[in-house]
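Good morning, and thank you for coming. Please look at the sequence and the structure as they appear, and I shall then guide you through several parts in turn.

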Amino acid sequence: MSSGSLKKEAWEALRKAVMYHRGKPIGTIAATTLDPLEDALNYNQVFMRDFFSAGISFLVAGEPEMVKNFLLMAVQLQGNEKQVDCFTLGEGVMPASFKVTVDPATKHETVEADFGEAAIARVAPVDSGFWWIVLLRAYTHSTGDHSVANSPQCQLGIIRCLNLCLKDGFDTFPTLLCADGCSMIDRRMGIYGYPLDIQSLFYMALRCGKELLRREGDVTEFVDRIDKRLHALTFHMRQYFWLDHKQLNNIYRYKTEEYSFTAVNKFNIMPDSLPDWVFDFMPNKGGYMVGNVSPAFMDFRWFTIGNFLAITSSLATPQQSQAIMDLVEARWDEIIGEMPVKCAYPALEGEEWRIITGCDPKNTRWSYHNGGSWPVFLWFLTAAAIKAGRPQIARRAVEVAERRLYEDDWPEYYDGKLGRTIGKQARKLQTWSISGYLLSKLLLEDPSQVTMLCMDEDKRCRTNPLAKSSSYSGGGGSCDKGCRPTMVPGHAHSVHSPSCPLSNPNIRNNSEGGYCGL
C-alpha cells in the first residue's frame with residue numbers, strides 16, 4: 001500500500017474511534033477491536049494520555065472542536081470527588097480515563113471518570129494532568145483561541161494540577177516523587193522514585209502552565225513558584241540525569257561515602273552498580289538522560305518518552321539534544337529495530353525481572369513495557385527529530401513502520417528485541433498506534449506544525465558547571481579559573497575567581513547552583 005493510501009486508512013480508522021456525548025465529540029476510545037470478550041476492560045474509554053496524539057492530529061487537520069470539548073470535559077471531571085477506599089485524592093488530580101454510560105430506561109447520558117480507583121494496583125495517574133495542560137497550550141497555539149485557556153475553569157484547573165506538585169514537603173530535589181505504575185508504564189517496572197518520563201513531562205507542563213496562566217492577583221505569586229521550580233529542575237536534570245561516555249567513565253571511577261558540601265558523587269552511586277550492558281550501549285558520540293536518579297540509585301535504562309520530550313520541551317540543552325539523536329542513530333537496532341520505538345532498553349530478565357516486576361506475566365522480557373516496541377512513540381521521535389533539525393531520522397523510522405502497521409491491523413505494541421512479533425496481548429486497532437503514525441506523517445509533511453508541541457530553550461536557565469573535587473583523578477575546576485563550588489547554606493552557589501566571567505555580580509544566582517543570565 002502506498003504511503004498516501006495508508007495515511008487515508010489511518011484517518012478512517014481514527015474517526016471510527018471517536019466517542020460522543022450528547023451529540024458532541026469528546027475524545028477517542030483506546031481501541032476499536034470488535035471483541036465482546038473485552039468489554040470488561042477499559043479499552044472502550046477515552047484516556048488522557050492516549051488521546052493526546054489524536055487530539056494533535058485533529059488540530060493539524062484544522063478540526064479543533066473535539067479537542068476543545070475534551071479539554072472542557074476533563075477539567076469538569078477534575079472537580080469531581082475522588083476517593084479510593086476511605087482515602088480522598090487531591091482536588092487537582094485529573095482522571096486517567098472516562099467513558100459515556102447510557103441509562104437504558106431514560107436514555108440519559110452520563111460521563112464516568114476513573115481516577116485510579118479501578119486501575120491496576122489502584123495507582124492515581126500523575127501524567128494525566130500534565131498531558132491536559134500541554135494539550136491546552138497546543139490548542140491555544142494552533143487555533144489562536146485563548147478563550148478556553150483563559151476561562152475560569154481552565155485557569156483553576158491548571159493551578160489545581162500544578163499546585164499538587166509545588167507544595168512544600170520533605171523533598172531535597174526539585175524532581176517529582178512518584179509511585180510505580182503512575183504513568184504510561186502503568187504496571188510495576190521499577191520506575192518508582194523520580195522517573196525520567198514524568199520529570200520531562202512535569203517540566204513541559206510547568207512551562208506550558210506558566211505561559212497560559214493570567215498574571216492576576218495571587219496568580220502572580222503562583223507563577224513565581226513555577227519559575228523557581230523550573231530553574232531548579234532544569235539544573236538538576238541537565239546535571240544529574242545526563243549520561244554520555246565521559247560521564248559514564250566518571251561514574252566508573254567514583255569514590256563513595258563523600259561527606260561534604262563539595263562532593264562529586266552527590267547521590268552516593270556505587271560504581272559496582274554499573275550494569276555491563278551500558279558500556280556496550282553507550283557510543284563514543286552520543287548520550288541520553290538516564291531513567292531515574294535518587295539516593296544510592298541510578299537507573300541506567302533508556303526510556304523513550306522522557307528523552308524525546310526532553311528535546312521537544314528544551315529540558316535538554318541543544319548539545320544534549322543532538323547527542324540523544326546521535327545515540328538513536330548509533331543504536332538503531334536496539335531502539336528502532338524492525339518496528340519503532342522501544343519503550344525502554346534493555347529488558348529486565350531473570351532474577352531482576354522477578355524481583356522488580358513481581359513476576360508480571362505481561363511484562364516478560366522484550367514485551368509490553370519491558371522492552372516492547374510501541375508505534376505510538378513515532379510521534380515523540382518525529383517531533384524531537386524535527387526540533388533537533390534531523391527529520392531524516394524520523395522519516396527513516398516511519399518508513400520502517402509503514403511496512404507492517406496496516407497489514408498487522410494497527411497493534412498496540414510488538415514483542416522481541418527487534419520488535420518483529422505482534423505483542424502477545426496487544427489489542428488490534430489501537431487508537432494511539434494509529435494516531436502516532438498519522439501525527440508523524442502530518443508533522444513531516446508540515447514541520448511548522450511542530451511549534452505547538454515544542455518550546456525554545458529558556459536562556460535564563462543556564463547550567464552552572466560545578467567544579468570537580470578530588471573524588472577522582474583529573475578533577476579540577478570546570479571554569480578553569482581556579483573556581484571552587486560550594487553548597488554551604490546561605491552561600492549556595494559557586495565561588496568564582498575575579499578572572500571568571502561568572503563572578504559578575506549582575507548575574508543573579510539561585511539556590512540550586514544554577515545561575516540566571518539576567
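**Rings, strands and two single residues**

Let me begin with a charge and a ring: R396 lies over the face of W332, and the distance to the ring centre is 3.8 Å. Please keep in mind throughout that this is a predicted model. A second case involves K362, whose charged end sits over the ring of Y368 at 4.3 Å from the centre of that ring.

Y368 leads us to the aromatic residues. Ring pairs link Y368 into a cluster with F52, W131, W374, F377, W379, F380, Y413 and W432.

How many aromatic pairs are there by the rule used here? The count comes to 28 aromatic pairs. One of them is formed by F70 and F98; this pair is tilted, with 6.0 Å from centre to centre and 35 degrees between the planes. It links distant parts of the chain, since F70 belongs to helix α3, residues 65–78, and F98 to strand β6, residues 97–102, and the two are 28 residues apart. Are these two residues buried or exposed? F70 is buried, and F98 is buried as well.

Please turn next to F173 and Y194, which form an edge-to-face aromatic pair, 5.5 Å centre to centre and with 80 degrees between the planes. Both F173 and Y194 lie in the loop between α6, residues 152–166, and α7, residues 196–212, so the pair ties together parts that are 21 residues apart in sequence. F173 is buried, and the same holds for Y194. For those new to the subject, a pair of aromatic rings is described by the distance of the centres and the angle of the planes.

We now return to strand β6 and the sheet around it. Three strands form an open sheet in the order β3-β6-β7, with antiparallel pairing. Which strands are at the edges? They are β3, residues 46–47, and β7, residues 109–114, each of which pairs on one side only.

Let us take the two pairings of β6 separately. β3 and β6 run antiparallel and are joined by two bridges; F47 has S97 in β6 as its bridge partner. Between β6 and β7, also antiparallel, there are six bridges. On this side, K99 has E112 in β7 as its bridge partner, and T101 stands opposite T110 in β7. The hairpin of β6 and β7 has six residues between the strands, and in this hairpin K107 takes a positive phi near 65 degrees.

I shall close with two single residues. The first is S440, found in helix α17, residues 431–445. Why does S440 count as buried? The reason is its relative accessibility of 0%. Leaving aside residues up to four places away in sequence, S440 touches L378, W379, T382 and V398. Of these names you have already met W379, a member of the aromatic cluster.

The second is R215, in the loop between α7 and α8, the latter spanning residues 218–241. With 44% relative accessibility, R215 counts as partly exposed. Again leaving aside residues up to four places away in sequence, R215 touches K210, T220 and V223. Its side chain reaches the backbone oxygen of K210 at 2.7 Å. In addition, a polar atom of the R215 side chain lies 3.0 Å from the backbone oxygen of L213.

Thank you for your attention.

Notes: Residues are numbered from 1 along each chain as its sequence is written. This is a predicted model: local features need pLDDT of at least 70, side-chain atom pairs count only at pLDDT 80 or more; totals for chains, interfaces and linings use all residues. Side-chain values use heavy atoms; hydrogens and water are left out. Rings of Phe, Tyr and Trp (its six-membered ring) pair if their centres lie within 6.5 Å; planes under 30 degrees apart count as stacked, over 60 as edge-to-face and the rest as tilted. Helices (H or I, at least four residues) and strands (E, at least two) are DSSP runs, numbered from the N terminus. Buried means under 20% relative accessible area, exposed over 50%, partly exposed in between (1.4 Å probe, protein chains only). A charge sits over a ring if NZ of Lys or CZ of Arg is within 6 Å of the ring centre and within 35 degrees of the ring normal. Contact means heavy atoms within 4.5 Å. Two strands pair if DSSP finds at least two bridges between them. A polar contact is a pair of N or O atoms within 3.5 Å; within protein, one must be able to donate a hydrogen and the other to accept it, and residues adjacent in sequence count only if both atoms are side-chain atoms.
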